[in-house]
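Colleague: I have a model to go through with you and I'm new to this. Could you walk me through a few parts of it?

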Amino acid sequence: MRSYLFTSESVTEGHPDKVADQISDAILDALIKQDPNSRVAVETLTTTGLILIAGEVTTKGYIDVQGVARGVLKRIGYNKPEYGFNYDDCSVMVSLHEQSPDISQGVSEGQGDDKEQGAGDQGLMFGYASNETPEYMPLPIVLAHKLTMRLSEVRRSGELPWLRPDGKSQVTIEYDNGTPKRVHTVVVSAHHEDISMDKIRKEIREKVINPVCKDWMDENTIVYINPTGRFVRGGPPADTGLTGRKIIVDTYGGHGSHGGGCFSGKDPSKVDRSASYMARYVAKNIVAAGLADKCEIQIAYAIGVSKPVSILVNTFGTNKIPEEKIEQAVKQVFDLRPKAIIEHLQLRRPIFEKTASYGHFGRNDPDFTWEKTDMVEKLKQAAQ
């Protein structure tokens, strides 16, 4: 192999696309809290002075959709008129209707051609894991997320009181024969009040970049902080936000493959979400079991059908035993039918709003059940 550069990005919770994701998932959580079997597919658009929420909802619960959306904006920090986007005076438009009965019968147990609970749509989902970090995630996306989380931490704590909610990061890692060696380039764009750019660049480097990246940086590391020279206007007034437009930020930062479906705003009957979580769970347990250094899982479904139409294990040549044996072990150990996934990962809980920023994977949170490595021993036994 050769030396190469690989780059991943992240965005803060105040980025317009992430605002949209969090509103969609907050609505999902509020409905699941009342009715765990709620069917939800909610999309959000944010722009200057406006939130537009649309989609399909079938539920026994009732929520104040406008109130939920405003609550998300307030929590994120859009609470000052000078930001150009304020939780208590923006417009919120809502257009929701019930799930199509043609789709519903394919997902409802005992109703469709397949009498088991079928997949909520056709599609292909991927999961990925690597042993290059303790999180079993690629290093570029780990550092990128830590940078945007740090931006939010120093804003909320008042350590950098001039910060505003929007922001982005990007990290380029130099790899040598597949092993991360150093940070080649760091980019941080921080939404700020109208103050000196010299002050911004000095304090972002000291308070954000160095605490996260210093162990990987050297004298040749390139650092860009607010490279346009100004980021006073940010959030939805500067850039329209949409649910599902940060699918690579949400997953592995460009490592591995992606089936194209987003997660936020979708209840777990949608395999775009639940099967992607399961694929991550399978891949992580394979790597944690020492069966491979890297692993990608593909699972594909037909709408209304419970069993996957295909399962693929790809270890990128890092497998310690034949891939065929790993694939057989996966099929033996994991039940990949939608109902089984939902039950095993305990997905009918209001846990999704916090997944909607800083990545759905690699997080140390007990609610992120797909991050457990509790199937390692079963995989080892099945792979013998």
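**The cavity and its surroundings**

Modeller: By class, the lining of the largest cavity has six nonpolar, seven polar and one charged residues. Here Ala, Val, Leu, Ile, Met, Phe, Trp, Tyr, Cys and Pro count as nonpolar, Asp, Glu, Lys and Arg as charged, and the others, Gly among them, as polar. Bear in mind that this is a predicted model, where local features need pLDDT of at least 70 and side-chain atom pairs count only at pLDDT 80 or more, while totals for chains, interfaces and linings use all residues. Residues are numbered from 1 along each chain as its sequence is written, and side-chain values use heavy atoms, with hydrogens and water left out.

Colleague: How many cavities does a search of the whole structure find, and how much space lies in the largest?

Modeller: The search finds one cavity of 30 Å³ or more, and about 80 Å³ of space lies in the largest cavity. A cavity is a set of points on a 1 Å grid where a 1.4 Å probe fits but cannot get out, and lining residues have an atom within 4 Å of a point. Its volume is the space filled by probe spheres set on the points.

Colleague: Which residues are closest to its centre, and which element gives the most to the lining?

Modeller: Of the 14 residues that line the largest cavity, Phe 126, His 258, Gly 259, Phe 263 and Ser 276 are the closest to its centre. Two elements, β5 and α7, give two or more residues to that lining, and β5 gives the most, with three residues. Such elements are DSSP runs numbered from the N terminus, helices (H or I) of at least four residues and strands (E) of at least two.

Colleague: What order do the strands of the sheet with β5 take?

Modeller: Three strands form an open sheet in the order β5-β10-β11, and the pairing is antiparallel; two strands pair if DSSP finds at least two bridges between them. β5 (123-130) and β11 (310-314) stand at the edges with a single partner strand each, so one side of each is left without a neighbour in the sheet. From one strand to the next the twist averages 10 degrees.

Colleague: How many bridges join β5 and β10, and which helix lies across them?

Modeller: β5 pairs with β10 (residues 294-301) in the antiparallel sense over eight bridges, and Leu 124 stands opposite Ala 300 in β10. Helix α7 (residues 271-288) lies across β5 and β10 and runs at about 30 degrees to β5. For such angles, axes are lines fitted to C-alpha atoms, for helices over the stretch in contact, and values run from 0 to 180 degrees between N-to-C directions.

Colleague: Switching topic, which residues of α9 are buried?

Modeller: In helix α9 (residues 338-345), Pro 338, Ala 340, Ile 341, Ile 342 and Leu 345 are buried, where buried means under 20% relative accessible area, exposed over 50% and partly exposed in between (1.4 Å probe, protein chains only). Their cover includes α7 and β10.

Colleague: And what follows α9?

Modeller: Gln 346 follows α9, in the loop between α9 and α10 (376-382). Its phi is near 55 degrees, a positive value in a residue other than glycine, and Gln 346 is partly exposed, with a relative accessible area of 43%. Phe 316, in the loop between β11 and α8 (323-333), also has a positive phi of about 55 degrees although it is not a glycine.

Colleague: Is β7 mostly covered or mostly open?

Modeller: It is mostly covered, as eleven of the 14 residues of β7 (residues 179-192) are buried. β7 pairs with β6 (residues 163-176) in the antiparallel sense over eleven bridges, and the two form a hairpin with two residues between them, where Asn 177 in the turn has a positive phi of about 55 degrees. Four bridges join β7 to β8 (residues 222-225), and these two strands run parallel, with Val 188 opposite Ile 225 in β8.

Colleague: Last one: is Ser 24 buried or exposed, and what is it in contact with?

Modeller: Ser 24, in helix α1 (residues 16-34), counts as buried at 0% relative accessibility. Leaving aside its neighbours within four places in sequence, Ser 24 is in contact (heavy atoms within 4.5 Å) with Val 42, Glu 43, Thr 44, Thr 243, Ser 264 and Gly 265.

Notes:
On a 1 Å grid over the protein atoms alone, a cavity is a set of points where a 1.4 Å probe fits but cannot get out, and a pocket is an open set with protein on both sides within 12 Å along at least five of seven lines; lining residues have an atom within 4 Å of a point.
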